[in-house]
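Me: I would like to learn how to read aromatic pairs and exposure in a model. Please take me through it step by step.

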Amino acid sequence: MAQSTPKLQLKNPLLSLLQKSKTSSQILQIHAQLITTNLISDTFAASRLLDSIVSKTLNVNYAELVLAQIHQPNSFICNTMVKCYAESSTPERALRFYAEMRRKGLLGDNYTYPFVLKACGAMCGLLEGRLVQGEAVKRGFGGDVFVVNGLISMYCRCGETGWARAVFDVFSEKDLVSWNSMLGGYVGCGEMENAQNIFDEMPERDVVSWSIMIDGYGKKMGEVNRARVFFDSMPTRDLVSWNSMIDGYAKVGEMEVAREIFDKMLQKNVISWSIMIDGYAQHRDSKEALNLFRQMLCQGIKPDRVSVVGAVSACSQLGALDQGRWIHLYMKRNRMLLDIVVQTALVDMYLKCGSLDEARRIFNSMPERNIVSWNVMIVGLGMNGFGKEALECFAQMEMERIPMDDLLFLGVLMACSHANLVTEGLHIFNRMKGVYRLEPKLEHYGCLVDLLGRAGQLDQIQNIIQSMPMKPNAALWGSLLLACRIHQNVTLAEIVVERLAELKADDSGVYVLMSNIYADVGMWEGMLRIRKLMKERKMTKDIGRSVIEVDGNVEQFVSGEKSHILREEIELVIWSLAKMAMSAG
């Protein structure tokens, strides 16, 4: 196979540029120049181009087009393609390509087998992995450190830490990667005791070893205090370890501590910002999520999918339509990838902000939809009073034979409840059990109680509660109590409060609601008794809060608060309106 010498090829300015390229656009331009100069026919140049595509873009389709132009691919080119497939979303293609290599007489080497084993691990192909191991051993690569490390990782990803440990123990020339692979395998499978033992036995550790332990205790186990001990003990910390630590705190909702560590970071990347933005959004501190998103943009950091989804979710929680639109426009202008996750988040945001036309437009234009997308649309339509349209979506899913799950049925029942579609809701509940063989959970019964409660069918609710295969929870009893107030059923309400007390879920909200039920029917003695009970137990009514979007900024108002920054402006507007009303009178 004729090739130009690497020394001569590397002097070519195009290949030097290819080595420095960072984006798909740059690689495409160099590719075009390689074609016009006929350098693409050189195997070495083609292999460098293919390697750049795989390592810098992981664009499988583009890599396949380049491969098709190479008439006599060498082992380097074949290994590059195996790597491309192994690291893609379709790792099984790596095995098919490897099988094709063997048919053409191209045998694997100590670089091929680790990539094939990686593909086996990604697809949990334990049987395939064992066959590859057998072939590697027969060909004399069983003791190669790259192959051994690939085997350890493959077995761990398939959940077979025992077999991984057997390979690890037999191999006498273990390197740091071998130790970290075994350590990471135990952590990935949640075997922290074994991970701790391996960590203690390690002859040397690097920053990866420490970060694996921080991830294990912090993110996997939720034991952030133990993770913090490792973090504080690290000889040197890299960006990954800092991000692992803030992610651990964010996962368990300790956002103040996460923010404290985040603020101490001398260097931050987009992952650092995304963890914090998503953490604030997940734990309902939406205003801070948006503040941090703005700060990130001001510092010139381009957001990724996680940060934009977190910011869009924050807009959903606040009903901040203008900010949500601005983020959507920002993504379009910057040509960010609007994948199924981002598009679903946008649909959810527009629905929760009441902009149904925009939500429908995005939903209908989505090239693919998953069950989460459908669920978001169905629930959103129901919450906005479009129950019939929500049921049409459900019917369309049935026609397209989209697989249903219990969360989807929960969404449909919620839509029926919001739209008071009692008959339809009962029909769907029965179809869930009878047609789709899905056993309703407590949440489904809760939706059914809410649906019937709005319609005043309290007797039927009691029959359902008695026939349920599980005990009602506080949320279900709470729905029934709310129905009792709507339909002024004092006797049933008193029973419900007793049940909530048994569950120790009789908080201030329950007693305020019961007090209001007494007041609605003029039972003042009962109302006073509840108020006295609340006073004796030192219960306080939850403070009411509301938010409003003003000129793109979200303002929060607390009931009874007089120190708001916009207080004077608000009072001035109210006084002006009052004067206008008096003048009109």
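What follows is a short dialogue on rings, charges and one exposed residue.

Me: What kind of model is this, and how are residues numbered?
Reply: This is a predicted model, in which local features need pLDDT of at least 70, side-chain atom pairs count only at pLDDT 80 or more, and totals for chains, interfaces and linings use all residues. Residues are numbered from 1 along each chain as its sequence is written, and side-chain values use heavy atoms, with hydrogens and water left out.

Me: How many aromatic pairs does a search of the whole structure find?
Reply: A pair of aromatic rings is described by the distance of the centres and the angle of the planes. Rings of Phe, Tyr and Trp (its six-membered ring) pair if their centres lie within 6.5 Å; planes under 30 degrees apart are stacked, over 60 edge-to-face, and the rest tilted. The search gives 17 such pairs. In one of them, Phe 199 and Trp 210 are edge-to-face, with 5.1 Å between centres and 80° between planes. Phe 199 belongs to helix H13 (residues 192-201) and Trp 210 to helix H14 (residues 207-220); helices are DSSP runs of H or I, at least four residues, numbered from the N terminus.

Me: Which residues do ring pairs link into a cluster with Phe 199?
Reply: The cluster holds Phe 199, Trp 210, Tyr 217 and Phe 230.

Me: Are Phe 199 and Met 399 buried or exposed?
Reply: Buried means under 20% relative accessible area, exposed over 50%, and partly exposed in between (1.4 Å probe, protein chains only). Phe 199 is buried, as is Trp 210. Met 399, in helix H25 (residues 387-399), counts as exposed because its relative accessibility is 68%.

Technical notes
Helix = DSSP H or I, 4+ residues; strand = E, 2+ residues; numbered from the N terminus.
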